Structure formats: structure tokens, C-alpha cells
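Let's work through a few short exercises together. Have a look at the sequence and the structure, then try each task before reading its solution.

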Amino acid sequence: MRIHTVGLGSATGTTLKVNGFTVHTQLDEALLQQISQMTGGTYHNAVNEEDLRKIYANINPQLVV
């Protein structure tokens, strides 16, 4: 199964407060690239909302056996 990965955020990350929890997030591009490469998918990086829209518009969800 092809997995297309999308990187959001930055390698330095940020700390978010969600529903009373504090969560630190950071982008691991190398891992996302490895996952997509191992599965025959593609890796994309989205810097903003417009990038994300373009990425999802160009990913062709298709079952390949």
C-alpha cells in the first residue's frame, strides 16, 4: 500500500495546549520521507494552508495491488 506523507510544522517544533494537556510537536521529515519511500508513496511539505490544499488536490488516492 502506498503511503503519501505530508510534513506540517518545523523541525524545532512548538508546544500546544489541547484540552488541558500540553503537547510538544516537531516535524521529523526524515521519518516521513522514509515511510513514503518504503511504500512507493511520495513525501510533501506544507508550509501553509494553500500548500496543503495543493498537495491534497494532487494526491491521487488509488488502490494498487
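**Exercise 1. Find the order of helices and strands along the chain.**

Solution. Reading along the sequence, you meet the pattern β-β-β-α-β-α. Counting up gives 2 helices and 4 strands; helices (H or I, at least four residues) and strands (E, at least two) are DSSP runs, numbered from the N terminus.

Before going on, note that this is a predicted model, where local features need pLDDT of at least 70 and side-chain atom pairs count only at pLDDT 80 or more, while totals for chains, interfaces and linings use all residues. Residues are numbered from 1 along each chain as its sequence is written, and side-chain values use heavy atoms, leaving out hydrogens and water.

**Exercise 2. Say how confident the predictor is.**

Solution. Start with the scale: pLDDT is the predictor's confidence in each residue, from 0 to 100. The chain averages 90, and 97% of the residues score at least 70. Next, compare the elements: helix H1 (residues 29-39) has the highest mean, 96, and E2 has the lowest, 90.

**Exercise 3. Describe how E2 and E3 are joined.**

Solution. First, strand E2 (residues 14-18) pairs with strand E3 (residues 21-25) in the antiparallel sense, over 5 bridges; two strands pair if DSSP finds at least two bridges between them. Second, match the partners: Thr14 stands opposite Thr25, and Leu16 has Val23 as its bridge partner. Third, look at the turn: the two strands form a hairpin with 2 residues between them, and Asn19 there has a positive phi of about 50°.

**Exercise 4. Is helix H2 largely buried or in the open?**

Solution. Take the cut-offs first: buried means under 20% relative accessible area, exposed over 50%, and partly exposed in between (1.4 Å probe, protein chains only). Of the 10 residues of H2 (residues 49-58), the number buried is 1, so this helix lies largely in the open. Finally, check its N-terminal end, which Asn48 caps with a side-chain oxygen 3.1 Å from the backbone nitrogen of Glu50.

**Exercise 5. Compare the chain with a compact globule.**

Solution. The radius of gyration is taken over C-alpha atoms, and the globule rule is 2.2 Å times the number of residues to the power 0.38. For 65 residues a compact globule would come near 11 Å, but the chain has 14 Å. Along its principal axes, the C-alpha trace spans about 45 × 25 × 20 Å.

Notes:
A polar contact is a pair of N or O atoms within 3.5 Å; within protein, one must be able to donate a hydrogen and the other to accept it, and residues adjacent in sequence count only if both atoms are side-chain atoms.
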